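Good morning. I will take a few minutes on one structure, so please have a look at it while I talk.

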Amino acid sequence: MKIIPLIIFLVSTSLIYTQTFLKVGEVFDFEVGDEFHYELPHAPSNADRVTITSKSISSNQDTVCYGRSHSKFQTVLNSGIINFSTFTEVVCYTNLDSLIVDLNFITPDSNYMYYDTISHYDTISYCNKGVNGYNYAGDGFEPMVYSKIWGRGLGLIVDHFSQPGDPSSPVYETRLFYYKKGNVSCGIPDYTSVEKYKEEQLTV
């Protein structure tokens, strides 16, 4: 008699998991013209502004490739100097029907004592977008901590690493702070440019 409820529980849990977590294709669902601004680690002022420039889908509908243009700037610490750079790339994502938390971006193993998945709607930073991800930490006192979080139609929105037990270890974190998809935008964009930087230097 006790076996039946257990089976029902396991089936229900599996259905909840499938319905709750986003698929790879839902996370990396972009259109030409979509724009994403990321804060980069290790600089007092910086941004990587990414614009989707092209999109192609494989004949079997299981792989999507995007052309992306980057416009980046980073302030050199304690100098006030800003370095600017631009480049283009093509990025492809496959297994679009797989769950985002099942991708091999990271493989938890027995050396990790803490692993927790994330699934909710972010109403503040990402304007009511569904987000998925995971947090995990190494074994021991004040271990290394990692977080990866994705958003529906936003890609990877947080990539975090820190080691609280080592004061000399910096926090590495790339975070999406603005996006524009079609006529919808969320956050405050950063359009710092070479021209804008030169104008600011002249007024100092």
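How many residues in the lining of the largest pocket are nonpolar, how many polar and how many charged? Sorted by class, that lining has 13 nonpolar residues, 3 polar ones and 3 charged ones. Before I go further: this is a predicted model.

Let me stay with the pocket. Its volume is about 340 Å³. The lining consists of 19 residues. Nearest the centre of the pocket lie Tyr38, Arg68, Tyr93, Leu156 and Thr174. As for where the lining comes from, four elements give two or more residues each: strand S1 (35-39), strand S2 (46-57), strand S3 (63-75) and strand S8 (155-162). Of these, S8 gives the largest share, with 5 residues.

Now the chain as a whole. What does its secondary structure come to? There are 3 helices and 10 strands. If you read along the sequence, two helices come first, then the ten strands, and a helix ends the pattern.

Next, burial and surface. The chain has 204 residues, and 35% of them are buried. Its accessible surface comes to about 12400 Å². Carbon and sulfur atoms account for 56% of that surface.

Last, the contacts. Here I take pairs of residues at least 6 apart in sequence. Among the contacts between such residues, 49% join residues that are at least 24 apart.

To go back to the opening question, the pocket lining has 13 nonpolar residues, and S8 is the element with the largest share of that lining. That is all from me.

Terms used. Residues are numbered from 1 along each chain as its sequence is written. This is a predicted model: local features need pLDDT of at least 70, side-chain atom pairs count only at pLDDT 80 or more; totals for chains, interfaces and linings use all residues. Side-chain values use heavy atoms; hydrogens and water are left out. Buried means under 20% relative accessible area, exposed over 50%, partly exposed in between (1.4 Å probe, protein chains only). Contact means heavy atoms within 4.5 Å. Accessible areas come from the Shrake-Rupley method with a 1.4 Å probe; for residues, only the protein chains shown count as cover. On a 1 Å grid over the protein atoms alone, a cavity is a set of points where a 1.4 Å probe fits but cannot get out, and a pocket is an open set with protein on both sides within 12 Å along at least five of seven lines; lining residues have an atom within 4 Å of a point. Grid points are joined across faces, edges and corners, and a volume is the space filled by probe spheres set on the points. Ala, Val, Leu, Ile, Met, Phe, Trp, Tyr, Cys and Pro count as nonpolar, Asp, Glu, Lys and Arg as charged, and the others, Gly among them, as polar.
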